[in-house]
Amino acid sequence: MTSAQWRAAVVAAAATMIAVLGSLGTTLLLREVAPVPTQVSVLAVVLSVMLGRSAERGVHLGLEAAVELVLLSVATAGVGWLLFHEKSLGQGLLVLGLSVGILARRYSGALRRAGRVVAQPFLALLVTPLPIVAGPTSTRDLFLWSPVGALVAVVWTVAVTRVVRGRPEPEAEGAARRPSRRRVDTPTRMAVQMLVGLGVALAVGRLLFDDRWAWCVLSAFIVASGNRGRGDVAHKAVLRVVGAAVGTVGATLGTLQVPAGHRSTLVALFAVMAVALVLRARSYAFWAAGMTAMLSLLHAYYGSYGQSGAEQLRERLLGVVIGSAIGLASAWLVLPVRTRDVFRARVADCLRALSEDVDAYPAALAALDQLTPTLRAAARHHPRARGQLAAVRALDGLVLPDDDVDRRVLRRDVVRVRRSLVGKDDPAPDELVEPLRPVLEALQAVVDPGAGPGVRSATYGVRGVFLSGSAGTVEECWP
């Protein structure tokens, strides 16, 4: 990472931590004058972390998002009540709540925007220790104050984001895509994968760990969410297991001699959160380690049902490994999303932006750059991944001209590149403007080398995704 990237990571982490501590402090002040359940404080903190990540990606958090989260928090409170009184129904609704938002991404407008936040209150419930969920809280207080906790998190995140980044630009709405009759679109595939993976993780977690099934389900959710292809899920699963093992061992051993409810545990939790927020830009493994350590510290603060330290450690590590394996198996076996298809779709978005709307190019390139860690890991063993990584780097190195005439020439040549990738043109590199030459060479090396034009076109939809644009990009739902 460059020094500028480190500064950006520190600023983003500081903004999120201010929102987190502000939300926590507000709910604690409310507890001094009203019967606010502890669960509401956990909800506000978790939502602040996830909303901070959304704001970091440029997602607009306005009145619409606030209303959606308030309504969803009421539904989450109901599921929390069911988890204690009607376990099977509550667990089934929790799995459904974590999965259904992904399906909304196949649409546009308000429904698509709502899909971004559906899972967040349910994820907050999933990481809440059961002693809080099943604690001596009246149902009326839980339903009354959960929306307040969600609103507090939104207000703090929006306020801090405005101070740090200024007033956000209105989000550009992508055109609604007609679902293909020939192939299942990416959001539907991801939603089915998540539903199956979480369902299996819940069943296995209940069988092996009884009421402590959350570690297994959470691991499956984290591995399968933000699916950018099977390679990405496999890469993330490895980092998740390694990071979680380090975080769990450190946090569990560090709190063995600390009594439940001790404030030092909370101090350690927020210190770990701050460090993890900065380092997650460096590698997902740091975020996985920090996240698992935070969850271990939260459970230590509220007690662990009399388990010994060795039992806690063994059970948590086993839950992480099993849940990660289930999430990985679901992504690979249930309507899989191929890494090469995600790569093609995102390259298509970059080329389309260059030829039609150059102002959209930085955002399209940022989406393509998200594949870099997975491609870098796979490039050690797979020639295709090395070619894909070279293509990403070539697009990263593309310098956009300032002169209007040069931009028109660039657009013309980009159209030739797009047509060449589906067999409708065959430009030589020296026929293109110099910045595009390495891009063409890198892309030609990874788009079905040796296949005829008909085969190239058929591999990704009618006329090929490189001419029509992506058939559905993949978005992350975990911070």
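When I speak of a helix this morning, I mean a DSSP run of H or I at least four residues long, and the helices are numbered from the N terminus. With that settled, let me say that what we have in front of us is a predicted model, so please hear every value that follows as computed from that model.

I will start with the chain as a whole. The protein chain has 22 helices and 0 strands, and of its 479 residues, 51% are buried. If we take the contacts with a separation of 6 or more, 78% of them join residues that are 24 or more positions apart.

Two residues illustrate such long-range proximity. V11, which is found in helix α1, residues 3-33, has its C-alpha atom 8.1 Å from that of V164, although 153 residues separate the two along the chain. V11 has a relative accessibility of 44%, and because that value falls between 20% and 50%, it counts as partly exposed. S73, placed in helix α3, is by contrast buried, with a relative accessible area of 1%. Leaving aside residues up to four places away in sequence, S73 touches L43, P121, S146, P147 and A150, and its C-alpha atom is 9.9 Å from that of L144, which is 71 residues away in sequence.

Staying with α3, let me turn to helix packing. Two packed helices are described by the angle between their axes and the distance between the axes. The axes of helix α3, residues 63-85, and helix α4, residues 87-103, come within 6 Å and cross at roughly 145°, and α3 passes α4 in a left-handed crossing. On the α3 side the contact is made by V79, L82, L83 and H85, and on the α4 side by K87, L89, G90, Q91, L93 and L94. By class, the residues of this contact divide into 6 nonpolar, 3 polar and 1 charged.

Helix α6, residues 119-127, packs with α10 at an angle of about 145°, the axes being 9 Å apart, and here too the crossing, of α6 past α10, is left-handed. L123, L126 and V127 of α6 make this contact with A214, V217, L218 and F221 of α10. What classes of residue make up the contact of α6 with α10? There are 7 nonpolar residues, with no polar and no charged ones.

That leads to the interior. In soluble globular proteins, nonpolar side chains tend to be buried together. The largest nonpolar core here has 75 residues, of which L98, L126 and M273 touch the most other members, and helix α13, residues 284-302, gives the most to this core, with 10 residues. Not counting residues up to four places away in sequence, L98 touches A119, F122, L123, L126, M194, L198 and F221. Apart from the largest core lies another, of 33 residues, including Y361, L368, L375 and V417.

V417 brings us to α19, for V417 is one of the residues through which α19 meets α15. The axes of helix α15, residues 339-356, and helix α19, residues 404-420, come within 8 Å and cross at roughly 145°, with α15 passing α19 in a left-handed crossing. From α15, L351, R352, L354, S355 and E356 meet L410, R411, V414, V415, V417 and R418 of α19, and the residues of this contact divide into 6 nonpolar, 1 polar and 4 charged.

Is α15 largely enclosed or largely open? Of its 18 residues, 15 are buried, so α15 is largely enclosed by the rest of the structure. As for its length, 18 residues at 1.5 Å a residue should span 26 Å, and the end C-alpha atoms of α15 are 25 Å apart, which agrees.

I will close with two loop residues and their backbone angles. Most residues other than glycine have a negative phi. D210, however, is not a glycine and has a positive phi of about 60°; D210 lies in the loop between α9, residues 186-209, and α10, residues 214-224, and is partly exposed, with a relative accessible area of 48%. Likewise L335, also a residue other than glycine, has a positive phi near 45°. Where does L335 lie? L335 is in the loop between α14, residues 309-333, and α15, and at 33% relative accessibility L335 counts as partly exposed.

Definitions and conventions:
Residues numbered from 1 in each chain as written. Predicted model: local features only at pLDDT ≥ 70, side-chain atom pairs only at ≥ 80, totals over all residues. Heavy atoms only, no water. Axes fitted to C-alpha atoms, helices over the stretch in contact; angles between N-to-C directions. Helix = DSSP H or I, 4+ residues; strand = E, 2+ residues; numbered from the N terminus. Left-handed = near helix turned anticlockwise from the far one by under 90°. Contact = heavy atoms within 4.5 Å. Nonpolar A, V, L, I, M, F, W, Y, C, P; charged D, E, K, R; others polar. Core = buried A, V, L, I, M, F, W, Y, C linked by side-chain atoms within 4.5 Å. Buried < 20%, exposed > 50% of the residue type's maximum accessible area, 1.4 Å probe, protein only. Expected span 1.5 Å × (residues − 1).
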